[in-house]
Amino acid sequence: MCIRHLALTRDSYNKAVWRFVALLLALVAGVGVAVWYYRAPNEGPVRVIARNDDRWLDDLLSRSPKDVDAATAELEQRGTAALPLIRRTLQDPAADPAHRKAALKACAILGARAAEAIPDVASALADKDYSPEAALALSFMGSPAVPALREAIKSDEPVVRREALRSLGKLRERASIDPQLVVPLLLQSLDDPDPAVRNVAVTYLGIVRDIPDKSVVGLIKALADEEPEVRLAAAGALSAYGLLAEPAIPALKKATNDPDEEVKREAGRTLVHLSELKQKT
């Protein structure tokens with residue numbers, strides 16, 4: 001009787017041990033699942049950051065100056081390491097227009113450091129929807145941008161020709177470019193069929209004064225342009241040449257009888273300026 005009782009007690013003990021082991025294993029498994037579950041959200045933000053790694057690019061066009069400053073600082077910190085993303089954006093025809101314009105702004109900020117992206121920016125320049133932003137970017141990208149701008153001046157789109165010409169003028173101010181590459185294109189554009197292109201050409205002839213004799217002759221011609229805005233710009237540009245503009249005095253005197261009041265006043269101001277300069281010599 002005692003032996004049987006002892007056997008039953010040992011059997012009960014063994015069952016209790018196995019139940020304990022089973023519970024312990026279940027507990028360990030539960031803890032493992034909990035650890036996995038609670039660690040998973042911590043990995044989430046890492047994946048989100050990877051997907052939103054280009055947020056700084058969009059923030060370049062933010063309405064918040066704080067966001068723009070932060071995005072610009074991040075771009076400067078990345079430097080040329082940002083170019084792969086910038087180039088992918090410019091090369092993607094399905095990219096959001098604002099995203100592409102932000103990429104063009106990034107090229108303008110990087111300037112010469114973004115030279116490898118010039119072909120992509122030039123492609124955007126040929127698209128009238130992006131011409132102003134692309135031309136501005138190229139004007140900061142140094143002399144390697146000149147061939148792309150010269151090619152764009154041949155475009156059938158007036159806005160592309162206008163912005164390419166404006167960019168060339170700005171580039172001449174910012175980089176050491178041979179005047180013979182810029183001034184002849186400005187003079188040539190005085191015959192452009194679009195008045196806005198002619199106006200830009202005249203304006204930059206007054207800024208880029210590298211070949212005065214030819215430029216003054218071109219501006220005299222522009223004083224007779226059919227568009228008042230072009231004539232006005234020509235009268236103002238001649239003033240910048242000082243006494244080198246003396247050959248234009250007869251045309252300026254004629255312009256004081258221009259049918260447009262603003263042109264008359266500007267021509268008169270330039271004549272007075274030239275007269276004062278001559279008295280000082």
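1. Helices here are DSSP runs of H or I, at least four residues long, numbered from the N terminus. By that count the chain, which is a predicted model, has 15 helices and zero strands. One of the helices is helix 5, residues 97-110, and Lys101 lies in it.

2. Confidence should be read before the details. The mean pLDDT of the chain is 86, and 81% of the residues reach 70 or more. Residues 1-8 stay under 50 in pLDDT, and the model gives them zero contacts beyond four places in sequence. The stretch 40-51 is also below 50, with zero contacts in the model beyond near neighbours in sequence. The points that follow concern other parts of the chain.

3. Two totals describe the chain as a whole. Of its 281 residues, 38% are buried. Among contacts with a separation of 6 or more, 62% are between residues 24 or more positions apart.

4. Lys101 can serve as a first example. Is Lys101 in helix 5 buried or partly exposed? Lys101 counts as partly exposed, because its relative accessibility is 28%, and the partly exposed class runs between 20% and 50%. Leaving aside neighbours within four places in sequence, Lys101 is in contact with Leu61, Asp129, Tyr130 and Glu133. The C-alpha atoms of Lys101 and Ala124 are 9.3 Å apart, while 23 residues separate the two in sequence.

5. Val68 belongs to helix 3, residues 65-78. Val68 has a relative accessibility of 17% and therefore counts as buried, the limit being under 20%. Beyond four places in sequence, Val68 contacts Asp59, Leu60, Ser62 and Lys105. Between the C-alpha atoms of Val68 and Leu57 the separation is 9.3 Å, for a distance of 11 residues along the chain.

6. Helices 9 and 10 form a pair worth checking in the viewer. Two packed helices are described by the angle between their axes and by the distance between those axes. The axes of helix 9 (residues 158-174) and helix 10 (residues 179-188) come within 10 Å and cross at roughly 145°. The crossing of helix 9 past helix 10 is left-handed.

7. Which residues of helix 9 meet helix 10? Leu165, Leu168 and Arg172 do so, and their partners in helix 10 are Pro179, Val182, Leu185 and Leu186. By type, the residues of this contact are six nonpolar, no polar and one charged.

8. Arg198 lies in helix 11, residues 195-205. At 6% relative accessibility, Arg198 is classed as buried. Not counting residues up to four places away in sequence, Arg198 touches Ser189, Leu190, Asp192 and Pro193 on one side of the sequence, and Asp225, Glu226, Glu227 and Val230 on the other.

9. Asp225 sits in the loop between helix 12 (212-222) and helix 13 (228-239). What is the relative accessibility of Asp225? The value is 12%, so Asp225 counts as buried. Beyond four places in sequence, Asp225 touches Arg198, Val230 and Arg231. The side chains of Asp225 and Arg198 are joined by a polar contact of 2.7 Å. This contact links a residue of helix 11 with a residue of the loop between helix 12 and helix 13.

Key: Residues are numbered from 1 along each chain as its sequence is written. This is a predicted model: local features need pLDDT of at least 70, side-chain atom pairs count only at pLDDT 80 or more; totals for chains, interfaces and linings use all residues. Side-chain values use heavy atoms; hydrogens and water are left out. pLDDT is the predictor's confidence in each residue, from 0 to 100. Contact means heavy atoms within 4.5 Å. Axes are lines fitted to C-alpha atoms, for helices over the stretch in contact, and angles run from 0 to 180 degrees between N-to-C directions. Helices (H or I, at least four residues) and strands (E, at least two) are DSSP runs, numbered from the N terminus. A crossing is left-handed if the near helix is turned anticlockwise from the far one by less than a right angle, and right-handed if clockwise. Ala, Val, Leu, Ile, Met, Phe, Trp, Tyr, Cys and Pro count as nonpolar, Asp, Glu, Lys and Arg as charged, and the others, Gly among them, as polar. Buried means under 20% relative accessible area, exposed over 50%, partly exposed in between (1.4 Å probe, protein chains only). A polar contact is a pair of N or O atoms within 3.5 Å; within protein, one must be able to donate a hydrogen and the other to accept it, and residues adjacent in sequence count only if both atoms are side-chain atoms.
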